[in-house]
Amino acid sequence: MASSIYLKQFELGPMGNYVYFIGDPNTREVAVVDPAWDVDRIVALAEEEGLTISNILITHSHFDHINGVEGLLHRTKAKVYINKLEAEFMKAVWPELVKVDSGDTMHLGDVDITFLHTPGHTPGSQCFLVHDRLISGDTLFIGACGRCDLPGSNPEDMYYSLTHKLAKLDDRTLVFPGHHYAARPYSTIADEKRFNPYLQFQSLQDFLRRGMGIVKMS
Ligand SMILES: [Zn+2]
């Protein structure tokens with residue numbers, strides 16, 4: 001497994017959002033994950049590091065994750081990658097839009113990025129698996145998961161995304177979340193399986209009753 005990845009995590013805006021550069025350390029070509037809040041800073045950081053921004057990857061369509069897309073499209077020739085269900089959900093109209101499915105991959109130099117559809121927080125939420133690292137958006141946080149009481153949320157989908165998709169990844173996978181909500185900036189799947197209460201529930205009913213609280217059972 002190739003381990004040479006360029007990954008930079010930085011926090012922007014008033015809600016502790018993490019923005020990421022991921023790409024190939026040799027070609028210096030990168031994708032920006034969830035550009036928001038400060039496009040000038042994003043462009044300046046890329047310039048400082050000698051990076052070319054060729055793609056924009058969207059974990060989901062909430063304002064705090066996408067409010068820099070428009071601005072970045074004016075400054076770069078990037079294409080925007082979004083899950084096809086999220087594109088429908090937000091009625092995305094950006095030019096250069098690429099609608100992806102779960103399991104699709106993208107190549108940046110020698111680096112492969114796999115799109116994993118993880119609905120729950122929104123219908124088309126997705127995570128990005130980059131070799132041994134997972135960019136988990138607002139699906140999996142360190143010690144928590146994304147809210148499931150918002151328009152388009154579905155707690156049942158969240159349960160399956162967490163337990164049937166993310167918990168099945170290799171234990172050594174590093175987890176890079178969408179917000180700075182925990183003391184440390186990243187975790188591992190092994191640690192989340194051990195310490196994250198949202199990955200402890202043994203059944204969907206248990207997850208809905210005790211984890212989500214607010215959900216009415218039908
Ligand atoms: Zn969100």
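## A first look at the zinc site, the cysteines and two unusual turns of the chain

D138 is buried, with a relative accessible area of 7% (buried means under 20%, exposed over 50% and partly exposed in between, using a 1.4 Å probe and protein chains only). You are looking at a predicted model, in which local features need pLDDT of at least 70, side-chain atom pairs count only at pLDDT 80 or more, and totals for chains, interfaces and linings use all residues. Residues are numbered from 1 along each chain as its sequence is written, and side-chain values use heavy atoms, with hydrogens and water left out.

**The zinc site.** D138 helps to hold a zinc ion: the metal is coordinated by H60 (NE2), H62 (ND1), H121 (NE2) and D138 (OD), at 2.2 to 2.4 Å. Donors here are N, O and S atoms within 2.8 Å of the metal (3.2 Å for Na, K and Ca), and sites may look incomplete because water is not among the atoms. Along the chain, the donors of the zinc ion are spaced as H-x1-H-x58-H-x16-D. Two of these donors, H62 and D138, link distant parts of the chain, 76 residues apart. H62 sits in the loop between strand 4 (52–57) and helix 2 (63–66), while D138 sits in the loop between strand 10 (133–137) and strand 11 (140–141). Helices (H or I, at least four residues) and strands (E, at least two) are DSSP runs, numbered from the N terminus. Like D138, H62 is buried, at 19% relative accessibility.

**The cysteines.** How many disulfides are there? The count comes to 0, with a disulfide taken as a pair of cysteine sulfur atoms within 2.5 Å. For C127, the closest cysteine sulfur is in C145, 12 Å away, which is too far for a bond. For C148, the closest cysteine sulfur is also in C145, at 5.1 Å, and that too is too far for a bond.

**Two residues with positive phi.** W37 is not a glycine, yet its phi is positive, about 75 degrees. You can find W37 in the loop between strand 3 (29–33) and helix 1 (39–48). K91, again not a glycine, has a positive phi of about 50 degrees, and lies in the loop between helix 4 (84–90) and strand 6 (97–100).

Here is how the cysteines and these two residues sit relative to the surface.

| Residue | Class | Relative accessible area |
|---|---|---|
| C127 | buried | 0% |
| C148 | buried | 9% |
| W37 | partly exposed | 30% |
| K91 | exposed | 64% |
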